[in-house]
Amino acid sequence: MRRTPNPRRPLDSLWPALLLLAALAAVGWAGVGNRYGPHWHRWLFRHRPAGIILHHTASDGRRNGTPLDAAMVDADHAGKGWGIEYQGRTYHIAYHYLIRADGKVEPGRPEGAPGAHTLGRNDYLGICLVGNFSSAANRSGQMQPAYPTQAQMEHLTTLLRKLMHKYDFTVEDLHRHRDFAQTSCPGDRFPFRQLVETLREPAGGPTP
Ligand SMILES: [Zn+2]
């Protein structure tokens, strides 16, 4: 017996796909495009970090006359067994970002990879500023910078605003290493309260 052709219009079979596409677009808009959106879309980020933890290198900002950078820290950390394989590359550097004394922001390990910067809290992003901001360990300022530089704080603020927007973090999700461990990191000279106040202001406001 000869089959009769399907009398339905070809578009009919496309409606479920179109509806799904519309739903995905709505979810994408709410989750990424609208920073004032609800928080339910946090769950859509597969690798959403738990928050952000700030550090200092507790070292001099220069080594043999060269500014300390992410490649040097990566080499330093290579012997510590903190390395991680991520998407075909090995990363030794414990942090997700390093901010040099001149303010340049350098990527460390990718945001999707766990850190190696805070025991028990490596599901947080780790951002490290080059310098030693501890008055006990760097009393006379023999390690420079002894205070975060203006360039470091400006670029840190910009980076934090970007990450807070991306992951829908508030200032409550921002911490210092010392908040979780017996350490002074990132040092008592790090202006954490001032930074938090700045981040509460809308972007374009004063920087610390
Ligand atoms: Zn630290």
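# Exercises on a predicted model

E172 is exposed, with a relative accessible area of 54%. Exposed means over 50% relative accessible area, buried under 20%, and partly exposed in between (1.4 Å probe, protein chains only). This is a predicted model, in which local features need pLDDT of at least 70 and side-chain atom pairs count only at pLDDT 80 or more, while totals for chains, interfaces and linings use all residues. Residues are numbered from 1 along each chain as its sequence is written, and side-chain values use heavy atoms, with hydrogens and water left out.

## Exercise 1: Salt bridges

Task: Find the salt-bridge partner of E172, then look at other salt bridges in the model.

Step 1. Start with the rule: a side-chain nitrogen of Lys or Arg must lie within 4 Å of a carboxyl oxygen of Asp or Glu. By this rule the model has 6 salt bridges.

Step 2. E172 meets R200, with the closest N and O atoms 3.9 Å apart. This pair links distant parts of the chain, since E172 sits in the loop between α3 and β9 and R200 in helix α4, 28 residues apart. Such names come from DSSP runs, numbered from the N terminus: helices (H or I) have at least four residues and strands (E) at least two.

Step 3. Now widen the view: E172, E197 and R200 are linked in a network of salt bridges.

Step 4. Turn to E111, whose salt bridge with K166 has its closest N and O atoms 2.8 Å apart. E111 lies in the loop between β7 (105–107) and β8 (125–129) and K166 in helix α3 (residues 150–167), so the pair ties together parts 55 residues apart in sequence. E111 is buried at 15% relative accessibility, whereas K166 is partly exposed at 42%.

Step 5. Finish with D102 and R100, which form a salt bridge at 2.6 Å, N to O. D102 is partly exposed at 44%, and R100 is buried at 14%.

## Exercise 2: The zinc ion

Task: Which residues coordinate the zinc ion, and through which atoms?

Step 1. Look for donors, meaning N, O and S atoms within 2.8 Å of the metal (3.2 Å for Na, K and Ca); water is not among the atoms, so sites may look incomplete.

Step 2. The coordinating residues are H55 (ND1), H177 (ND1) and C185 (SG), at 2.1 to 2.2 Å. Along the chain, their spacing reads H-x121-H-x7-C.

Step 3. Place the two histidines: H55 is in strand β1 (residues 52–56) and H177 in the loop between β9 (174–176) and α4 (192–200), so they tie together parts that are 122 residues apart in sequence.

Step 4. Check their burial. H55 is buried at 1% relative accessibility, and H177 is buried at 15%.

Step 5. Go one bond along from C185: a cis peptide bond joins C185 to P186, with omega about 5°.

## Exercise 3: Strand β8

Task: Describe the surroundings of β8 and the strands that pair with it.

Step 1. Of the 5 residues of β8, 5 are buried, so this strand is largely enclosed by the rest of the structure.

Step 2. In a regular strand, side chains alternate between the two faces of the sheet. Here L125, I127 and L129 point one way from β8, while G126 and C128 point the other way.

Step 3. Strands pair if DSSP finds at least two bridges between them. β1 and β8 pair in the parallel sense over 5 bridges, and H56 stands opposite L129.

Step 4. β6 and β8 also run parallel, joined by 3 bridges. The bridge partner of I99 in β8 is L129.

## Exercise 4: Helix α3 and what follows

Task: Compare the span of α3 with the expected value, then follow the chain past its end.

Step 1. The expected span is 1.5 Å times one less than the number of residues. The 18 residues of α3 should therefore span 26 Å, and its end C-alpha atoms are 26 Å apart, which agrees.

Step 2. Buried residues of α3 include M153, L156 and L160. Counting contact as heavy atoms within 4.5 Å, the elements that cover them include β1, β8 and α4.

Step 3. Just after α3 comes D168, with a positive phi of about 60°. D168 is buried, at 12% relative accessibility.
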